[in-house]
Every structure is written in C-alpha cells, then in structure tokens.
Amino acid sequence: MNKHLITGVTALAAGALLLTGCSGSTSTASAGDELEGLTGQVGSKDFSEQYILAYITTELLNAHGADLEANVKLVGSANVRQALENGDFIGYWEYTGTSWITYNGNTTPVKGAEAQFDAVKEADAEKDIAWLDPAPLNNTYAFAVRADKAEELGVKTMSDVAALPAEEQTFCIESEFSTRDDGWPGLKTAYGIDIPDSNVTMLDTGVIYTATQKGDDCNFGEVFQTDGRIPALDLVVMEDDEEFFPSYQGGFTIRQEVLDDYPEIADIIAEIAPLLTTEEMQKLNALVDVEGEDPEDVAIDWLEEQELI
C-alpha cells in the first residue's frame, strides 16, 4: 500500500475501530509523573513504521505518568488525521509532505526538509494542530539498486543514473507512481531521463524490493526510504540530488489544547525524536517486516536500549 495515499473507509467504521483497536501498555518502568492525568489514545496509520512509532510514544508518555493506549487499527491517512481533529486521538506521527499536500491542499512541495517543516507547522497551527520538533527520518520516495550493481555502474545520485547508457536505465515502479506529478512523469522531466517505455516495468509495491534485488526486471526500483527491506536486501538508495521528491519528514502531531495542558510532552518527545533517523527506522522496520517481530515488543525493547524507560 502506498503510505502517502489516502485509503478510504467509512467514518462509521473508523469510529468503531477507535473503540476497539487499542493496546494497553505492558511496560511498568517509570521516568516521572509530570503527565499524571493525561488519558486517551495515540493514533497510528496502518503500516509497521507507524505501529512502532505509536507504541514508542505511548510507552514513553506512560512512563512519565500518563495513562494512554495505542490505537493501531485505523485504515487510511484521512481517518487518522480526522480522528486527531475530532479529538479522538491526542496525537500521532505524521509526515510533512502528507500534511502539506493532502491535508492542506498544496500541489507543490517546499524544497528542503527544514523549510517544508516550517511551512506545514504554520499551516496546521491554524487548525489547532501542533507539530513537535521533528525526527531526522524522511520516509519519502526514492530509487534503490543492488549494492554491487551500484558499484559496477558507479552511481550514487539520480543524476548519475540519468547519465547512464539507456540500456542500463531500467526501472521498476508501481502504477500510482507512474502517473503522479511527484512521481515518474515529474522525475523524468527533472532529471532529463529519456528512455523507451519498455525500460519501465510496473509491479506491486511490495514486489519491487525483491525484483530490484534480483535485477532481472530492472536495475532501479521505486522504494520508500525508511523501509527495512532496503538494508535487508543489500540495496542502496540513490541520492535525490535535485531535491525533486517532497520531504516526508516524520514529526509527532498533537492537539494544541493537549499540549497547552501538558507542555512537558514536547520535552519528552524531544528525547526520542533526534534518535529516529532514516537508518534507525530502517532497522526497526526490518525487525517487523523482515524478522516478523511484534511492533509493540520492538518499541519497548528500543526504549529500554535507549534507557528511556
């Protein structure tokens, strides 16, 4: 499933899941009581990275005196955002590009991660949604290639890829990406890629990773940068040196009224945000998507390793 797209379910179904899709904290470690009295739910979109982030946040805030549950059962970005706006969630982890383009109706991303964050923070503040200091992770689109093939071709950036002989410029992409303005059409224009349609293979998103690793259908596969299968399959990501793709930097979004009542939340989230790099999320995601571990266990183990609970 494309993580940046809205997948629709009815509001009634979303409401029902809000009531049933919760998980309580299993960790009993205490780091303080400054959030005593804070109750409710921390939300999540429906993929592994979001589950992990929701459990990390819930466990950490509970260790500081809150009594929160993680709700990882809603389907679709729109429903999760709506649950935040409705007050059903106190907060959840969002991506700057998603909020800027999907929720705030902008068609052109802001170049540069910091500038994009500042713009979306200001836009969402008008809706009484606060963005806490973001993590370095950027779950944006990218193209990856087998590490040995990258070395053979001598490529590190998308400009390098565009300069290759046409027969080496073979790509695996999924159907939605093939038509998006921030996808294949725009990418070709930005980098001057001029190849025949036969150089492009359409595949389901999940299949692209293994197809890229095998190298039969394509050299370069469309991926999401924080996906755990990138290191697991020994793929390397090509640098988007023209900054074509929107920034999908992760940050915890929270209802302003909750933050006003419990301003300490910002300092607590600031303990974990700098640690959540793209590489760190790849490792955590791989534990779930490749090794089959439970997202809640992964979250608790990580917090304990960081000595935060």
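Here are some friendly questions and answers about this predicted model.

In this predicted model, local features need pLDDT of at least 70 and side-chain atom pairs count only at pLDDT 80 or more, while totals for chains, interfaces and linings use all residues. Residues are numbered from 1 along each chain as its sequence is written, and side-chain values use heavy atoms, with hydrogens and water left out.

Q: In what order do the strands of the open sheet of 5 strands run?
A: Strands here are DSSP runs of E with at least two residues, numbered from the N terminus, and two of them pair if DSSP finds at least two bridges between them. The pairing in this open sheet is mixed. Its order is E8-E7-E9-E6-E10.

Q: Which strands stand at the edges, and why is one side of each left without a neighbour in the sheet?
A: Each edge strand has a single partner strand, so its other side has no neighbour in the sheet. The two are E8 (200–202) and E10 (235–237).

Q: Which residue in E10 is the bridge partner of Ala144?
A: Strand E6 covers residues 141–146 and pairs with E10 in the antiparallel sense, over 3 bridges. In E10, the partner of Ala144 is Val237.

Q: Why is the pair of Phe143 and Phe171 edge-to-face or stacked?
A: Rings of Phe, Tyr and Trp (its six-membered ring) pair if their centres lie within 6.5 Å; planes under 30 degrees apart are stacked, over 60 edge-to-face and the rest tilted. Phe143 sits in strand E6 and Phe171 in strand E7, 28 residues apart. Their ring centres are 5.5 Å apart and their planes lie at 85°, so the pair is edge-to-face.

Q: Which residues does Thr39 touch, not counting residues up to four places away in sequence?
A: Thr39 is in strand E2 (residues 39–42). Its C-alpha atom is separated by 8.5 Å from that of Ile90, 51 residues apart along the chain. With contact meaning heavy atoms within 4.5 Å, Thr39 touches Asp67, Leu68 and Ile90.

How values were computed. Helix = DSSP H or I, 4+ residues; strand = E, 2+ residues; numbered from the N terminus.
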